[in-house]
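Work through these exercises with the sequence and the model side by side. Try each task before reading its solution.

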2 protein chains.
Amino acid sequence: MQVEVISSVNEASQARFHHKTAIVVDVLRAGSTIVTALAAGAEAIVPVETVMEAKAAQMAGDLLGGERFCRKISGFDLGNSPDEYEASAVRARRIILTTTNGTRALQKSARADYVLTAALMNAAACARAALSLRRDVVILCAGYNDAFAAEDGFGAGLLLERMTQAGMNALELDDFALAMLGFYRSRSAYALETLASGATGKRLLKLGLQRDIEACAEIDIYKDVPILQGEKLVLLTR
Amino acid sequence: MQVEVISSVNEASQARFHHKTAIVVDVLRAGSTIVTALAAGAEAIVPVETVMEAKAAQMAGDLLGGERFCRKISGFDLGNSPDEYEASAVRARRIILTTTNGTRALQKSARADYVLTAALMNAAACARAALSLRRDVVILCAGYNDAFAAEDGFGAGLLLERMTQAGMNALELDDFALAMLGFYRSRSAYALETLASGATGKRLLKLGLQRDIEACAEIDIYKDVPILQGEKLVLLTR
């Protein structure tokens, strides 16, 4: 099984996803928020690019969530902090979510046979799911401001580590995957510090959102795997 | 001092080099060949993009060197193996060198205040030189086939490690630099294996060029730093 890692949305061409399983990694914070919401019982997440699209997509009972410049959007029900997406808020609700990079990453990967979303919170589960789907894998780091984000590279490396541990010794890693696996291994005991040391983390710290970084640094706390089904993300059930 | 790393020539825009010191890393093999030739007493290296340009630039006494698809070019004096560039062959000669990615990388970085070329062979010397030049630093991984190459990322990480060791504790690393430093640290005891595991290394092995990988995996054997001076690379003397 071949596994490649793409450093940011800018580097992703749709052709690279044909006949593959795509795993979109967006650790700070959309990937973490999405799995938290679905694990808490949300019916589905509908990712959209703009605030206007979010409002147009909203039907009765739907919640609006998302951020611009790391802040909750005026008039929206929820921001992009995983903590907000607890069961009492989201159970059985559809959530229209607009985030800066996550949505573009999902659109780029839409030609893949399967599109999963991953965070540190559900890395092992995503790795096992990718194994069971029996396609070559492309891990797409969502990034920050169109550039590589350290936390997503760390997440990609964690996914590769978990895929190896799940018995995929015959993984063929491309050069960037080799680098991300090494990056993860050198920092595996320092997830929180690594997330805090990148540009996204520094920005969240400045905005007083340290608690979000702590939440997103938790590894393998969920067994849930979001998968794109048409226009929406739902839990993969197997 | 800010230090950023660019993953491949494709990702490099000339604007990112303004007022900076650029370090072009091309471990397999141009960066290794260039420092080997200059350390062996070559007068200068003139990097050019095409075979035709190389022939047009050749003056009496000049040697032609370079590769296409990892092979020596027909009619050229030298290929791109560091071992070929020994003193008896190159002393006091100007060498016109054409390589696939190295030349484009040098052109991209030409707007920097200083342009150095690095390999594992001269990493500590390049790190000290960058420190003494007192500019923010952009490390450009030359890459392979327009994509990130593991050996260049490993080389970038080694440069960052040496810059840190040279007393630059106040380095501000961008996200990609953080990742490459981690990658290097996780693999620092396995330079040869790391070079052999990337796409370039695998290709060289297939062509029977294992000896080149071994030569290029030697760390800090030269104190020499090539610097771009107009159209040619010469040794930095300070």
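The exercises below go from confidence and overall shape to the contact between chains, and then to single elements and residues.

**Exercise 1. Confidence**

Task: State what kind of model this is and how confident the predictor is in chain A and in the complex.

Solution:
- Step 1. The model is predicted.
- Step 2. Take the chain. The mean pLDDT of chain A is 95. Of its residues, 99% reach 70 or more.
- Step 3. Take the complex. Its ipTM is 0.94 and its pTM is 0.95, as given by the predictor.

**Exercise 2. The fold as a whole**

Task: Count the helices and strands of chain A, then decide whether the chain is as compact as a globular protein of its length.

Solution:
- Step 1. Chain A has 10 helices and 11 strands.
- Step 2. The globule rule gives 18 Å for 238 residues, and the radius of gyration of chain A is 16 Å, close to that value. So chain A is as compact as a globular protein of that length.
- Step 3. Add the outline. Along the principal axes, the C-alpha atoms of chain A fill a box of roughly 50 × 35 × 30 Å.
- Step 4. Look inside. Buried residues are 57% of the 238 residues in chain A.
- Step 5. Check the contacts with a separation of 6 or more. In chain A, 79% of them join residues 24 or more positions apart.

**Exercise 3. Symmetry**

Task: Find the operation that lays chain A on chain B, and name the relation.

Solution:
- Step 1. Turn chain A by 180 degrees and shift it 0.0 Å along the axis; it then lies on chain B with an RMSD of 0.0 Å.
- Step 2. This is how a two-fold axis relates two copies.
- Step 3. Locate the axis in chain A. The C-alpha nearest to it belongs to Phe183(A), at 2.1 Å.
- Step 4. Compare the two sides. Both copies use the same surface, as 100% of the contact residues of chain A recur in chain B.

**Exercise 4. The contact between the chains**

Task: Describe the side of chain A that touches chain B: how many residues, from which elements, and of what kind?

Solution:
- Step 1. Count. In chain A, 17 residues are in contact with 17 residues of chain B.
- Step 2. Assign. Helix H6 (150–165) and helix H7 (175–187) of chain A are the elements that give two or more residues to this side.
- Step 3. Rank. H7(A) gives the largest share, nine residues.
- Step 4. Sort by kind. This side has eight nonpolar, six polar and three charged residues.

**Exercise 5. A residue of H7**

Task: Is Leu181(A) buried or exposed?

Solution:
- Step 1. Place Leu181(A). Helix H7 of chain A holds it.
- Step 2. Apply the cut-off. A buried residue has 20 or more other C-beta atoms within 10 Å. Leu181(A) has 25 such neighbours, so it counts as buried.
- Step 3. List its contacts beyond four places in sequence. They are Gly157(A), Leu160(A), Glu161(A) and Leu173(A).

**Exercise 6. The nonpolar core**

Task: Which residues have the most contacts inside the largest nonpolar core?

Solution:
- Step 1. The largest nonpolar core has 176 residues.
- Step 2. Leu159(A) and Leu159(B) have the most contacts inside it.
- Step 3. Follow Leu159(A). Beyond four places in sequence, its contacts include Ile23(A), Val25(A), Ala123(A), Cys126(A) and Ala127(A).
- Step 4. Turn to helix H5 (residues 123–133) of chain A. Among its buried residues are Ala123(A), Cys126(A) and Ala127(A).
- Step 5. Ask what covers H5(A). The cover includes strands E2 (20–25), E7 (114–118) and E8 (136–141), together with H6, in chain A.
- Step 6. Go past the end. Just after H5(A), Arg134(A) has a positive phi of about 55 degrees.

**Exercise 7. A covered helix**

Task: How many residues of helix H1 (residues 30–39) of chain A are buried?

Solution:
- Step 1. In H1(A), 10 of its 10 residues are buried.
- Step 2. Among them are Ile34(A), Val35(A) and Leu38(A).
- Step 3. Gly41(A) follows H1(A), with a positive phi near 105 degrees.

**Exercise 8. Two residues of chain B**

Task: Classify Gln165(B) and Leu235(B) as buried, partly exposed or exposed.

Solution:
- Step 1. Gln165(B) is in helix H6 (residues 150–165) of chain B. It counts as exposed because it has 12 C-beta neighbours inside 10 Å.
- Step 2. Leu235(B) is in strand E11 (residues 232–235) of chain B. Its 18 C-beta neighbours inside 10 Å make it partly exposed.
- Step 3. Beyond four places in sequence, Leu235(B) touches Leu38(B), Asp224(B), Val225(B) and Pro226(B).

Methods: Residues numbered from 1 in each chain as written. Chains lettered and ligands numbered in written order. Predicted model: local features only at pLDDT ≥ 70, side-chain atom pairs only at ≥ 80, totals over all residues. Helix = DSSP H or I, 4+ residues; strand = E, 2+ residues; numbered from the N terminus. Rg over C-alpha atoms; globule rule 2.2 N^0.38 Å. Contact = placed C-beta atoms within 7 Å. Least-squares fit on C-alpha atoms with pLDDT ≥ 70 in both. Nonpolar A, V, L, I, M, F, W, Y, C, P; charged D, E, K, R; others polar. Core = buried A, V, L, I, M, F, W, Y, C linked by C-beta atoms within 7 Å. pLDDT = per-residue confidence, 0-100.
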